[in-house]
Amino acid sequence: MQDALETRYAQAAAELDAIGDGDGLRAWEAATLGKKGWLTEALRAIGSIAPEGRAAYGKRVNEMKQALTAAYEARETLVREQALAHDLETNQIDVTLPGRPRPTGGIHPSTQTLRDFYDIWADMGFQVYRSRDVEDDDTNFTLLNIPPHHPARDMQDTFYTTDPNIILRTHTSPGQIRSMRDLGENGTQAIRVILPGMCYRYEQITTRSEIQFHQVEGIAVGRNIRMTDLKGTIAAFAQRMFGEGAQVRFRASYFPFTEPSMEVDVECFLCGGDGCRVCKYSGWLEIAGSGMIHPTVLRNGGYDPSVWSGFAFGMGPERITMLKHGIEDIRYFWGNDLRFLEQF
Amino acid sequence: MQIPLSWLKEFVEIDIPPELLAEKLTTAGLEVGAITYIGVPQTDAEVIRRQHSVNIRYPKSDHLVWDKQRLLWGAVHEVKPHPGADRLVLAMVDYGAAELEQCVTGAPNLFEYKGVGPLPAPLYTVIALEGAEVWDGHSDEPKRMILKEKPLRGIPNRSMVCSDKELGISDEHEGIMLFRSDLGHKPGTPAQDVLGDVVFHIELTPNLARCYSVLGVAREIAALLDKPLRTPDYSVIAEGAPIDGAVSVEIRSPKHNPRFTLMLLRGATLQPSPDWMQRKLKLCGQRPINNIVDVTNYVMFEMGQPLHAFDYDKLVARAGGGAPNLITRLANAGEILKTLDGKERPLVETDVVIADNRDQAISLAAVMGGFDTEIGDDTTNVLLEAANWDFISVRRTMHAQKLFSEAGTRFSRGVHPSQAALGVQRGIDLMRQVGGGTVAKGMVDAYPLPAPIITHTLTTDEIERIMGMRFTADEAAALLQRGGFTVDAQGDALRVTVPDTRLDIDRDPVIGAADLIEEIARISGYEGIPTTIIADEMPKQRPNPSLEREEAARDLLVSLGLRENISYRMTTPEREAQLVPAGMTPSFETSAESYVRIANPISAEKTVLRHTLLVNLLENAAGSARYAERIQVFEIGNVYLRRPGQPLPDEPRKLGLLLMGGRSAASWVGGDTSAVDFYDLKGVVEGLLAGLHVRGVGYGRAAHSSFHPGRSAEVKIDGQAVGVIGELHPAVAAAFDFEGITVLAAELDLEALLNAANPLHRIRPLPVTPSVYQDVALVVRDEVSAAEVERVIRMIGGKLLRSVALFDVYTGDPVPAAHRSLAYALAYGTDERTLTDKEVAALHAKIVKACERELGATLRA
């Protein structure tokens, strides 16, 4: 019996050394150390051993149990480590496969640029003031120093409605009159607003021109608003919008509602001013029209132009978006092609 | 407008490169859109940057630069026949060499001289010698070529007499360039030095009417470069019988015709104008016609005053042989005038005309002369008109008659009346010089409405108030004087008189001051104005919830996976009518009078302003559906509703949503690509409203003509309808090319949503006791809505019921027909104490009972 036990013990130890997986280990454990395992049964059999050999038998079986239990645990650890090493080594995935798509939305590129404008101008104290798309001729033109039949009306081709003197605004400038009258408290309060909105012009739709487009106009009216402030404010905007160090230059121009009037160019941010196709090799990009608010417009807004002064500027978010992202066709904006929108 | 550099130099010294001049003009508001080089090289920008310390850049020009050794001024002395070819001749050209060069040419304009022997006076042209680079005159595409020695029909030939096209001056290749005069240069002079030039293409804003001429631009250059201005010679050699008695003028409406001047030239000969004049006109883009007409154009281009030449004898004939009396007046309705272009034009009452003694219109004032009194081949006596017209009426006429001329362009922007007298003098004497004859002494000058002399007082304080920088009175005066203003400085005040060339300085003292300050800024240069930050008080800052909440709504929709559209706001009523299935009553405003209608639509697809965003979203989706499996978009924007009795329409903001296609994108890992349904859309709306913290939201069945009646809902906030969401009516989907496809759409009143947003929403504290969860499945009849079941559960559950979550809707065996099972997970709990199982069981049973009693529900086993 003792011999048989020893043989069994040696066999079990050898078997254990050959086991390489969890299932094998569990089967071995059940057959050896489990409730019905031979070793457990051998322990239980102590009572049936003749008393003179019982102590030695018991000692020996307990030795076996300890040895096999220790060996089992060692083997289990080894097998687990091997399995882990095997898993780390073999269960690799192709990390270049695309990820699971998540549904993503996005705002329109024009909205993105408008928000950039809102943020930058808000930091300088310019709040958003929105006014209507359908305007009367007076507010869109006459009150802005563009009387009927004035040559400046040729500069903007207008969409008229079938209602007399009602038009689609050709620029956001009527917002100058509306904001001055609304917020200026009869020409007694300084104001600083930007006027974003959709404008409409009767033009052929081409890669470069559209019948509707956003403008963001801004005005500052106060008792001490000067051309130097206009230059400084626009320069500050350019630094924020186009990067620190962005240079601006001012050229004389003409807008009926400002005097003096200036066109604003920013150093081409694509070529750093060295000249490229986008800036037509001039090193400059036109980004805004601006000027000191015309005395007539101040008057029409309720202010006394001999005491109050102000500056105004206007920019096109679509144009700036086009420049920033290399968009060569303005028709992309209202085409709503998802393949375009998804790039923002 | 094309302005040649050579002509500018007659009036002002220009000692900077043309490219730098163009930059200075552009910076001063005269935008040089392009520069055309004729034969001369472009200046290297790097050289200008270095020599003038300016930051200037421009594209490289690819024009032909005339080789100074091989393209020379030549004199053709004889044109010999080609011994072997009828269609070729041999031009014998002196180009400064010892012997005449024999050029074989087919130029048709030399044939009249063929075989007549040595010419009495040589003809001048440009000769290209072997090795010279020219444009290929025979190529349709621009193509350069190097001239090589090549015998033509047996005659050696190593040079060429050149056409305009070969030199890159114009596309003219009918014959070679031929001048009758040497233009002041000896044969052999490099052609560059004779004909080389630079032409500026200048775009003028409406305030720069004074610059519509070479002199006008020269005046600006003189101011910018601080150089003296030379003016044309306005003197007249008049030796003929006086004009008095030969013609008279009657101005009936001085407002429309402030000034009208006439001079008379007798015995002139109509012939081509001289080479120098033709050349300058061509450089300005004007085709030469004859000496008389050319002078009218020449003076207009030179100093900006349009002129009109009448055949005096035709006027005399119309006056029955007596002295013509020219009447200027407004046209009569129904009056017809045949203009120079041969068109019979019905006139309107705003047109201004010149009429003859019988009061018959003979000329359309300012825009175009009449056919019956124009200069003809037999004209000898020329009556020259230089008038001044109200620019507004000229603009009206140009638009009414759709007639745009160089004269009209200038008059419609404004010409100072002082220029009329100068123009007529300059014109009549030039006509005498190029056409012969004798100028009648004197001028008819009717000037009933003299231009006011405008004088302003400008203080250095006012300059500083607007510009933010200080000029001394002397500095400011010097700048204005450069601009041609007369200035008298007294202390800090300048007394400024506006020159009689410009109309852009307003009479109003405040506006006039602003105009003068602009001149100071422009002439001193904008780059010299410093930059400051606004020192003025910060205005009152106001809340702007309307914008802030709109942007928050955009962000929420984006986080819900939707992409923003921005669409055309113009559409047609017909396109919007497609939202209403045939035979149904529209649920939104479709009446013709409710539309803002465009009077001048750009296309038949854009005739009115929209009433709805749905058409935009559907049309966008139809475009996207060609390539996209999945479309989830929104648009926020105005719609436009005409209001009875109000001039301006209502412009409410709307939110439109559209979902169609797969729920999520197809992918190699699978993903739910089954089609979206009502509940996807509702999830978006719920997410938006929850994000805005809108309370009191309810959904009820909708009855909207554009939506599926069984699968659409009206969204309500506190019982007020704010829009419809749901599956588009199948007939509507079909109308937008989505036959048989489920399209989910919504249009909501954005103003109402945003007004209901609650930025001060209170939070719930985190629970401090655990919840006890109990599920319940209730079988109810189909007509009992989920909202109704939830209402009863919540009503009974009261404060102890923390949440109600529907987790299953089941129909089919064993649920009876026309019934469904709704399964809810209920969480009970209160922070006041821990609920006992018994309490929860009792409340749960009470809820079930109430549902049984009030909704006829049965507990599902």
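These exercises work through a predicted model of two chains, A and B.

**Exercise 1. Judge the model scores.**
Find the ipTM and pTM of the model, then the mean pLDDT of chain B.

*Solution.*
- Step 1. The model scores ipTM 0.90 and pTM 0.89.
- Step 2. Turn to chain B. Its mean pLDDT is 95. A pLDDT of 70 or more is reached by 100% of its residues.
- Step 3. Keep the general caution in mind: where pLDDT is low, predicted coordinates should not be read in detail.

**Exercise 2. Trace the open sheet of chain A.**
What is the strand order, and which strands stand at the edges?

*Solution.*
- Step 1. Write down the order of the seven strands: β1-β4-β5-β9-β8-β7-β6 of chain A. The pairing is mixed.
- Step 2. Look at the ends. β1 (127–128) and β6 (248–255) of chain A each have a single partner strand, so one side of each lacks a neighbour in the sheet.
- Step 3. Add the packing partner from the other chain. Helix α15 of chain B, residues 509–524, touches β6, β7 (258–267) and β8 of chain A. The helix direction makes about 35° with that of β7(A).
- Step 4. Check one pair inside the sheet. β8 (residues 284–293) and β9 (residues 309–315) of chain A run antiparallel, joined by four bridges. Here S290(A) is opposite F313(A).

**Exercise 3. Describe the contact between the chains.**
How many residues does each chain give, and which helix supplies the largest share on the side of chain A?

*Solution.*
- Step 1. Count both sides. Chain A gives 77 residues and chain B gives 83 residues.
- Step 2. Find the main element on the side of chain A. Helix α8 of chain A, residues 227–242, supplies the largest share, with seven residues.
- Step 3. Sort the side of chain A by character: 34 nonpolar, 27 polar and 16 charged residues.

**Exercise 4. Place strand β13 of chain B.**
Is β13(B) largely enclosed or largely open, and why?

*Solution.*
- Step 1. Apply the cut-off: a residue is buried if 20 or more other C-beta atoms lie within 10 Å of its own.
- Step 2. Seven of the eight residues of β13(B), residues 259–266, are buried, so the strand is largely enclosed by the rest of the structure.
- Step 3. List its pairings.
  - β21(B), residues 382–388: seven bridges, antiparallel. L265(B) has V382(B) as its bridge partner.
  - β23(B), residues 444–446: three bridges, antiparallel. F260(B) is opposite A446(B).
  - β22(B), residues 438–440: two bridges, antiparallel. R266(B) is opposite T438(B).

Definitions and conventions:
Residues are numbered from 1 along each chain as its sequence is written. Chains are lettered from A and ligands numbered from 1 in the order in which they are written. This is a predicted model: local features need pLDDT of at least 70, side-chain atom pairs count only at pLDDT 80 or more; totals for chains, interfaces and linings use all residues. Two strands pair if DSSP finds at least two bridges between them. Two residues are in contact if their C-beta atoms, placed from the backbone, lie within 7 Å. Axes are lines fitted to C-alpha atoms, for helices over the stretch in contact, and angles run from 0 to 180 degrees between N-to-C directions. Ala, Val, Leu, Ile, Met, Phe, Trp, Tyr, Cys and Pro count as nonpolar, Asp, Glu, Lys and Arg as charged, and the others, Gly among them, as polar. pLDDT is the predictor's confidence in each residue, from 0 to 100. A residue is buried if 20 or more other C-beta atoms lie within 10 Å of its own, exposed if 12 or fewer, and partly exposed in between; C-beta atoms are placed from the backbone.
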